[in-house]
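Let's take a walk through a protein model together. Have the sequence and the 3D view open, and follow along as we go from one sheet to one residue.

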Amino acid sequence: MAIAALAAFAFLSPAFAQFAPEPRPIPVPQRAASAPSTRAAACHNGASFEKFLSELKQRAIAEGVSQRAIEEGSPYLTYNQGIVNRDRGQRVFGQLFTEFAGRMAAPYRMQQGQQRIKTYAAAFARAEKEYGVPPAVIAAFWGLESDFGANMGNLPVLPSLVSLAYDCRRSERFQNETIAALKVIDRGDLEPDEMIGSWAGELGQTQFLPTHYVTYAVDYDGDGRRNLLRSAPDVIGSTANYIASGLKWRRGEPWLEEIRLPANFPYDQADLTIQEPRSKWITLGVTYPDGRPLPNDNLPASVLLPMGRMGPAFLAYANFAAYTEWNNSLIYSTTAGYLASRIAGAPPMHRPAGSIAQLPFNEIKELQQLLVRAGFDVGKVDGVLGQQSRTAVKAMQIKYGLPADSWPTAELLARIRGTPRAQPAAAALPVMR
């Protein structure tokens with residue numbers, strides 16, 4: 001989920017990988033899967049894993065973790081080089097938004113979400129009253145992250161967390177997550193052998209990282225535990241708490257609505273960084289897909305074009321920021337918002353009239369390199385079209401007199417190269433965040 005540590009599709013949470021049904025607790029690991037690499041200790045002044053772990057335990061005690069919880073968790077705090085290799089070697093994939101949303105926001109998932117809202121009506125009503133988060137929003141994340149608990153992951157999280165803590169790529173972050181996992185044990189929410197989840201340490205039916213588990217999990221079924229693996233009411237209440245308190249959901253406001261743009265729409269205004277009242281969008285000819293007018297009010301919103309001017313168009317409201325905070329992938333966050341709208345009763349989005357070309361991965365990376373040479377900050381030159389790259393693309397489209405919809409095209413790449421338009425290469429699709 002990521003809850004966004006593991007944002008984007010680079011991190012293979014159960015939303016993007018197939019796992020076995022809910023696993024049983026596994027036996028206590030007897031030994032590490034493999035020895036730590038020398039690179040893993042580089043950020044710890046060459047300290048061995050054993051020394052690092054001893055110091056981490058002392059830090060956990062200093063932060064209030066009991067000796068009992070340390071002892072219970074210790075058999076699981078083993079190093080697994082395979083997890084570290086997986087983290088370093090993860091690869092992202094590219095997919096058009098309509099393809100991804102068609103699969104992940106499929107009618108069966110919408111129907112299951114609606115059924116869960118009926119089945120757990122009391123918990124959903126309580127969550128909406130206490131936190132202001134609509135049932136459809138909670139249900140959409142629940143469905144995307146684990147198919148409502150069917151696919152939560154099948155690996156013990158403690159070895160994953162401590163292995164990633166010892167590795168230097170995100171050491172401090174995963175040291176915090178390891179200590180938080182021990183706090184979950186200390187609080188009595190889960191036993192160490194119950195802590196089965198994704199390879200990167202996410203737990204439960206909406207894939208909470210341990211720090212979020214400690215901070216936002218609530219006991220909604222009244223059994224004295226916050227069990228996000230087994231208790232649907234706890235999942236509902238905790239997810240609502242995280243969305244409201246952690247992601248700053250605005251009670252009573254919308255999140256994402258499909259719209260229709262006129263042919264003469266100024267596409268340079270379609271940007272999540274540009275917010276205008278709905279009354280302003282009305283003056284630019286924006287309507288609902290069926291031609292109905294937007295409300296003529298001052299509620300701010302942005303025009304979002306996840307696939308450029310030829311793809312579907314949406315109004316993204318202030319609450320859409322909760323989706324991009326949950327997972328900063330534009331495809332994931334837009335899909336989650338769209339699925340929530342479908343569960344809440346919105347019709348299916350309108351599909352593009354024809355196919356939409358997407359630059360292959362290697363050409364996205366080349367485009368980023370050319371943008372950097374032109375003076376733009378695109379973040380990493382990695383073939384991933386994030387917000388900084390999209391902003392730079394729009395600026396170059398304006399420069400060359402092209403429709404400024406932030407969608408990179410072969411024509412734009414050719415203009416920047418200063419060469420005739422090239423034929424698209426047969427290569428992997430780019431990642432569209």
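In what order do the four strands of the open sheet come, and is the pairing parallel or antiparallel? The order is 3-6-5-4, and the pairing is antiparallel. Keep in mind that this is a predicted model.

## The whole chain

Before zooming in, here's the overall picture. The chain is built with 17 helices and eight strands. Of its 433 residues, 55% are buried.

Now take the contacts between residues at least 6 apart in sequence: 72% of them join residues at least 24 apart. As for the outside, about 17800 Å² of the chain is exposed, and 51% of that comes from carbon and sulfur atoms.

## The sheet, strand by strand

Back to our open sheet. In general, the strands of a sheet pair through backbone hydrogen bonds, either parallel or antiparallel. Here, the four strands in the order 3-6-5-4 take the antiparallel option. Strand 3 (256-259) and strand 4 (276-277) sit at the edges with a single partner strand each, so each has one side without a neighbour in the sheet.

Start at strand 3: four bridges tie it to strand 6 (residues 313-317), running antiparallel. One residue to look for is E258, whose bridge partner in strand 6 is F314. Moving on, strand 6 also pairs with strand 5 in the antiparallel sense, over four bridges. F314 turns up again here, standing opposite L304. Finally, strand 5 pairs with strand 4 over two bridges, again antiparallel, and P300 in strand 5 is the bridge partner of P277.

## A helix across the sheet

Is strand 5 mostly covered or mostly open? Mostly covered: four of its five residues are buried.

Now find helix 14 (residues 330-343). This helix lies across strand 3, strand 5 (300-304) and strand 6, and it runs at about 90° to strand 3.

## A close look at Q368

Let's finish with a single residue. Q368 belongs to helix 15, which spans residues 361-373. Is Q368 buried or exposed? Its relative accessible area is 1%, and buried means under 20%, so Q368 counts as buried.

What does the side chain of Q368 reach? It gets to the backbone nitrogen of D382, at 2.9 Å. If we skip the neighbours within four places in sequence, Q368 is in contact with V378, K380, V381, D382, G383, V384 and S389.

Note on methods:
Residues are numbered from 1 along each chain as its sequence is written. This is a predicted model: local features need pLDDT of at least 70, side-chain atom pairs count only at pLDDT 80 or more; totals for chains, interfaces and linings use all residues. Side-chain values use heavy atoms; hydrogens and water are left out. Buried means under 20% relative accessible area, exposed over 50%, partly exposed in between (1.4 Å probe, protein chains only). A polar contact is a pair of N or O atoms within 3.5 Å; within protein, one must be able to donate a hydrogen and the other to accept it, and residues adjacent in sequence count only if both atoms are side-chain atoms. Contact means heavy atoms within 4.5 Å. Two strands pair if DSSP finds at least two bridges between them. Axes are lines fitted to C-alpha atoms, for helices over the stretch in contact, and angles run from 0 to 180 degrees between N-to-C directions. Accessible areas come from the Shrake-Rupley method with a 1.4 Å probe; for residues, only the protein chains shown count as cover.
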